[in-house]
Amino acid sequence: MKITDIRMMRLYGPRDHGVGGGEAKIYKVIIRVDGEDGQYGLGECDHFAGVRECIAYMRAYFVGRSIFSINAVISEMLYGTAAPHPAEAKSGIMPGNINAVQFCSPTATPWGPAVWAASGVDIALTDLVGKVLGTPAYNLLGGKFRDQSRVYLDRSSPDDITDLNAWRDMAKETAESGFSQMKFDIDFLATDQVDDAWNRSLSLKMLNRIVERLTAVREAAGPDFEICVDCHMQYNVPDSVRLLKVLEPLNLLWVEDPTPITSPDSCAEIRKKTTTAICVGEMFIAEQFRLFIDHKACDILHPDVLFCGGMHEMRKIADYAELNHIPMAIHGNGGALATIAAAHVGAASRNFTGLEYHFIETPWLAEYVKRDLPLFRDGHVPLDDAPGLGIELNEEVCSKHLADGESLF
Ligand SMILES: [Mg+2]
C-alpha cells in the first residue's frame, strides 16, 4: 500500500498550565497520512517554527512510497541519503514548487524542524500500518511488556508561588488523584527572588525559597510519592552542584537538565558530585543520547516522541539505554494523541519507567482524539488491542478548536 497524501490541521486553544497562573494559548498540529482504500493514520507535531514547511516537504517527497517504509522515510529526513539514492527518491522541483535536495533532509541536519516534522509523520504512519495490519502499535515495536504505561504529572507551579499552602494543596491534590509522581520547575519555583534575568544564577535566597516550597510539597505528598524537578537547561555547573546538594534531603527521583543541553561534560561533572539522579534529553535525538550515555553524563533518559524522531527512533534510544543499564522516562509536551503514541512505546520498552503529561488543567488537549478507553486510569494510560493507536478524531472538539484558516480533515 502506498502513501497517497500527508496532510496537517492546526488546532488552537487555551493552555491552562503554567507559570504563575498566567493566561496562555497553544497550537497543536495534527497530521494525517493517507494510504490507499481510504485508510489513514493520525499523528501530532508541536507547532514550532519550520515544522509545517517540513511537513509540506514530506508530502511532496514521500507520496508514492510504501506505507511500510517507516524507517526509510524517517532515516531520509533525519540523516539524508548520499548517492546512490534509493530507486524511489525524487530530485528537482516537486509539486508545490518544492525543490527536492540531493541530501534529503530539507534542513540538511538531523535536528530541529526536520526531526520534529518527521516525528509526527512517524506516529501517523505507525497508526496507519497498525490499522492496515489489524494490530496495536506496540506490536509493531516488538510487543508489549505491560498493559498500561505509568504517567507522571508536570505541575509547574501554583498561581501564588509565595503561598506555601498553595504548594501543599497542589501536591495533595496530585497525590490523591491516582498519580504516583509529579514534577516542578526549579526556574519557576522562586521567580520572586530573581535579581538578574540574564545570568541564570541560583542565589542563596532563591535556593532557600526553593527548598522551603519543595519541602512543603514533600510533606503534603508523603514519603512514598515520587517527586522530580526540572531545570530547563538553565544553570551553570557550580550553581547546579549547590542546588543538588540542598535538594538531597528531599529524596527526589531526579533533577532534570541542569545545564545547557549541548555539553555532556558539564552534566558528567555535576553527576560526580551528587547522589541524586540526573535526567536528560527532552529535545535530544538518538545520537545525542548516545553521546551523553557514552560520556557517563546521565542516569535517566527522557526522550519526547514529538522531538526525537518518533516512535521507532524512541525504541532505538530505549534499547541503547537498556544495554547501558539506564532507565527511560518519556518527556511529554503533547496532547492526547502524542501521549497515547508515547504510551505504546513505553509499553514496548522494558526499561520504561514513566511518561510525562503537562495538561491536566486543559481538558480539550485530552479530548481532541477519542477511543474506547479513558486517556488515564489509576495514574496510567491503559492500552487494549485496538489496531494502530486505537484512536479517532473527536470532530466536535477539533471543530471547536480549529485555528484560523483551517478546516477538518
Ligand atoms: Mg524538562
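## Close-up views of a two-domain predicted model

**Figure 1. Where the two domains meet.** In this predicted model, 36 residues of domain 1 are in contact with 34 residues of domain 2. On the domain 1 side of this meeting place, β1, β3, α2 (70–79) and α3 each supply at least two residues. The biggest giver there is α3, with twelve residues. Sorted by class, the side of domain 1 that touches domain 2 holds 15 nonpolar, 13 polar and eight charged residues. If you would like to find the two parts in the sequence, the domain assignment places domain 1 at 5–135 and domain 2 at 148–393. Their C-alpha centres lie 26 Å apart.

**Figure 2. The whole chain, for orientation.** Let us step back for a moment before moving in again. The protein chain has 14 helices and 16 strands. Its radius of gyration is 21 Å, close to the 22 Å that the globule rule gives for 409 residues, so the chain is as compact as a globular protein of that length. Along the principal axes, the C-alpha atoms fill a box of roughly 60 × 45 × 40 Å. Of the 409 residues, 47% are buried. How many of the contacts between residues at least 6 apart in sequence join residues at least 24 apart? The share is 73%.

**Figure 3. A three-stranded open sheet in domain 1.** Here the strands follow the order β1-β2-β3, and their pairing is antiparallel. The edges are taken by β1 (5–14) and β3 (40–46), each with a single partner strand, so one side of each is left without a neighbour in the sheet. On average, and with direction ignored, neighbouring strands of this sheet are turned by 25 degrees against each other. As a reminder, strands of a sheet pair through backbone hydrogen bonds, either parallel or antiparallel. Between β1 and β2 (residues 25–34), the antiparallel pairing extends over ten bridges. To pick out one of these pairs, start at Asp5, whose bridge partner in β2 is Asp34.

**Figure 4. Two helices across the sheet.** Which helices lie across β1, β2 and β3? One is α1 (residues 51–62), which runs at about 160 degrees to β1. Another is α3 (residues 113–133), which runs at about 160 degrees to β3. You have met α3 already: this helix gives twelve residues to the side of domain 1 that touches domain 2.

**Figure 5. Strand β13 and its parallel partners.** Is β13 (residues 352–357) mostly covered or mostly uncovered? This strand is mostly covered, with five of its six residues buried. One parallel partner is β6 (residues 148–156), joined to β13 by three bridges. In this pairing, look for Leu153, which stands opposite Tyr357 of β13. Strand β12 (residues 328–330) also pairs with β13 in the parallel sense, over three bridges. Here Ile330 stands opposite Leu355 of β13.

**Figure 6. Around Leu337.** This view centres on a leucine in helix α12 (residues 336–347), namely Leu337. Is Leu337 buried or exposed? A residue counts as buried if 20 or more other C-beta atoms lie within 10 Å of its own. Leu337 has 26 other C-beta atoms within 10 Å, so Leu337 is buried. Leaving aside residues up to four places away in sequence, Leu337 touches Leu42, Glu44, Val369 and Ile391. From Leu337 to Leu393 there are 56 residues in sequence, while their C-alpha atoms are 9.3 Å apart in space.

**Figure 7. Strand β8 between β7 and β9 pairings.** In β8 (residues 226–230), four of the five residues are buried, so this strand is largely enclosed by the rest of the structure. Five bridges connect β7 (residues 181–185) with β8, and the two strands run parallel. A handy landmark is Met182, which stands opposite Ile227 in β8. Strand β9 (residues 254–256) is joined to β8 by three bridges, and these strands run parallel too. The landmark for this pairing is Cys228, opposite Trp254 in β9.

Key. Residues numbered from 1 in each chain as written. Predicted model: local features only at pLDDT ≥ 70, side-chain atom pairs only at ≥ 80, totals over all residues. Rg over C-alpha atoms; globule rule 2.2 N^0.38 Å. Buried ≥ 20, exposed ≤ 12 C-beta atoms within 10 Å, placed from the backbone. Contact = placed C-beta atoms within 7 Å. Pairing = 2+ DSSP bridges. Axes fitted to C-alpha atoms, helices over the stretch in contact; angles between N-to-C directions. Domains from an automatic or database assignment. Nonpolar A, V, L, I, M, F, W, Y, C, P; charged D, E, K, R; others polar.
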